[in-house]
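Trainee: Could you take me slowly through one part of this structure, the place where two helices of one chain pack against each other, and then set that part in a wider setting?

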Amino acid sequence: MTTTTEAPAVATRKLTYVKAFNEGLAQAMREDDNVFVAGEDVAGYGGVFRMFDNLLDEFGPRRMIDTPISEAALVGLGVGAAARGLRPVVDLMFMDFIGVCLDQIVNQAAKMKYMFGGALSVPLTITTASGAGLGAAAQHSQSLEAWLAHVPGLKVVMPCDAYTAKGLTVSAIRDDNPVVVMLNKVLLGSTGEVPEEIYGIPLGRAHTARQGSDVTVIALGRMVGEALAAADELSAEGVEIEVIDPRTVQPLDTETMFASVRRTHRVLVVHEAVTFGGLGAEIAAQIQDAVFDYLDAPVLRIGAPFSPVPFSPVLEKAYVPDRARIAQGCRRLLERS
Amino acid sequence: MAQRASTASKKSAQVSAEIIKDLHERMVRIRLFETEAGKLMEAGRLPGFLHLYVGQEAVAAGVMSALRDDDQITSTHRGHGHAVAKGVGFREMYAELYGRVTGACLGRGGSMHINDLTRGMLGANGIVGAGVPIAVGAAFAARYKGEDSVAVTFFGDGATNIGAFHEGANMAAILGLPVVFVCENNGYAEFTPQSGHMLLTDVADRAAAYGMPSVIVDGMDAVAVHRAAAEAVERARTGAGPMMIEAKTYRYFDHQGVKGLRHPYRSDEEVAEWKSRDPIDLIEARAVADGTATRPELDDVWRRTRDEIAEAIAYAEASPLPDPADLLLNVYSG
């Protein structure tokens, strides 16, 4: 079976994930003067992950704002500026830091349009680096998409490669709602084909990253790449899995998942976040509700064990799901039926 | 560096007759809106919570009379007074309290989310201190767009113990943004007296921590508040950065609702003492004494406002309820 990319009919070149993000952001800033960036060390230093490299040179201190380490005020600044017609991009550096500004995200940005009777929109983009794998331990490694996807009013995107890092970021900035862009730390240096010009990727539409007939694997963020690697391994055994990348976990494109399940009859959901209460639980529930009669086996979830992210590399490796566990899960699903 | 302006105790002599009448009318409008809302709540006609502003009218009136329509404010859970003083209409406010589809939030927000973007009212807020950073963002947007509007954030004494206040104050200061911080110190954080929630006597002392000047005013004297606000707004508008005003004031009613004290957290004597310096009585005495207005003229303001309120309540009661089929309206844009 083939791996499908969206093969745009334009010239592409290899870029790293972080450069693709940076390029999309820069192009969105050129497209609309209302877009500005604020955060800790985003301007002078270019961001601790080099996400904002060279942007101060091009856009100057009016549009690239270094702020104090004050995430509540930072997100609040974004909310107030968005309410007044700007399109702020605020950077939270590590996703784990949302704990100190959750009120501004959950009670202010997400709810303002609804509470105010639709009087305004909050076109706020929050960028942040998530995920384990760099030995950053429990307070710098989490994948907290389930927290945010639970809140009506927010959108949450999880780019899995350079192409989606650029396109989803552009779409997040263009969107009139608060959108959290969960970049993945491990993927920052990974490379992929990226078109030069600006492009958006529709929010709320899943992408079938690989077609297959035996098992549907729904993978979030970095797990997409792991699932594709597992697919190659399984293909050698004569098993063809379909890999679905939701790209956006809120809103969630369940129709693409249901259509796939009707063909494969088996589903595995994999994410880096802990299994308990994760997106896998929601996806499994929706699948059994919509296409129960098509299932030949219970929906299998693979996620992290119910523990903080451990530090020691040997523990961290055991913690984060990988291609081997995905392949093993697919085999188990096939054995059941 | 930070300094404390000395206008606090100065008698505010030179304001025009127009300002005095403006302050009086804004205060009467708040007083009557709130007392009628309290009656409606006690009669069981309004759902939800009501945090009434009665007693603190001089603060909203004094600040708002120093603002332009395009200046932005963020408010608090006790936000009706700010909305009324900023010019939000009685009809959409009462309709919102009634949960009607004609309300300021289409019946989706209630008392604590009344807003009017056309009047620069960026919303009451159910989370203590949360409006502070939002005002910082509004001020940022004004400067970004090259406009000279300012943002005012209202908060209570209790809110100055929450992180969002401190982060927002520092952010406004370091970015040099046109924000006026107005602390309405009514002496209580819900039911806890100020002495029980901070060791300071003056909340204004906190401004110094952010390199921000501050001033303390008599929050029962609308003219004094107006003068302090006019100075702070002018400062902000001309690029001199943020400033804090602490207005010492008092709420006559309970934290929530009109009365219903489970246990007495303040004495009758204390309440009576503050009421003896009622902000509307003070300005009426002053207006009559200096010939700014006659008693019949002042009475006419009360009468006209009562009529307007009666009409607005009738409008709210006659308004349709939201349709549950539209419950998901405005969760997302687009």
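Mentor: What follows looks at one helix pair, then at the contact between the chains, and last at one chain as a whole.

Please keep in mind that this is a predicted model. In chain B, the axes of helix H4 (residues 90-97) and helix H11 (residues 295-318) come within 8 Å and cross at roughly 45°. Angles from 35 to 65 degrees fall outside both the roughly parallel and the roughly perpendicular classes, and H4(B) and H11(B) are therefore oblique to each other. The crossing in which H4(B) passes H11(B) is right-handed. On the H4(B) side, the residues that take part are B:Phe90, B:Arg91, B:Tyr94 and B:Ala95, and they meet residues of H11(B), including B:Glu308, B:Ile309, B:Ala312 and B:Tyr315. Sorted by class, the residues of this contact are eight nonpolar and two charged, with no polar ones.

Turning to the contact between the chains, 34 residues come from chain A and 34 residues from chain B. On the side of chain A that touches chain B, helices H3 (71-83), H4 (102-109) and H5 (112-115) of chain A each supply at least two residues, and H3(A) gives the most, with nine residues. That side of chain A has 15 nonpolar, 14 polar and five charged residues.

Finally, chain A as a whole has 12 helices and 14 strands, and buried residues make up 58% of its 337 residues. A compact globule with 337 residues would have a radius of gyration near 20 Å, and chain A, with 20 Å, agrees with this.

Conventions
Residues are numbered from 1 along each chain as its sequence is written. Chains are lettered from A and ligands numbered from 1 in the order in which they are written. This is a predicted model: local features need pLDDT of at least 70, side-chain atom pairs count only at pLDDT 80 or more; totals for chains, interfaces and linings use all residues. Two residues are in contact if their C-beta atoms, placed from the backbone, lie within 7 Å. Helices (H or I, at least four residues) and strands (E, at least two) are DSSP runs, numbered from the N terminus. Ala, Val, Leu, Ile, Met, Phe, Trp, Tyr, Cys and Pro count as nonpolar, Asp, Glu, Lys and Arg as charged, and the others, Gly among them, as polar. Axes are lines fitted to C-alpha atoms, for helices over the stretch in contact, and angles run from 0 to 180 degrees between N-to-C directions. Angles under 35 degrees count as roughly parallel, over 145 as roughly antiparallel, 65 to 115 as roughly perpendicular and the rest as oblique. A crossing is left-handed if the near helix is turned anticlockwise from the far one by less than a right angle, and right-handed if clockwise. The radius of gyration is taken over C-alpha atoms; the globule rule is 2.2 Å times the number of residues to the power 0.38. A residue is buried if 20 or more other C-beta atoms lie within 10 Å of its own, exposed if 12 or fewer, and partly exposed in between; C-beta atoms are placed from the backbone.
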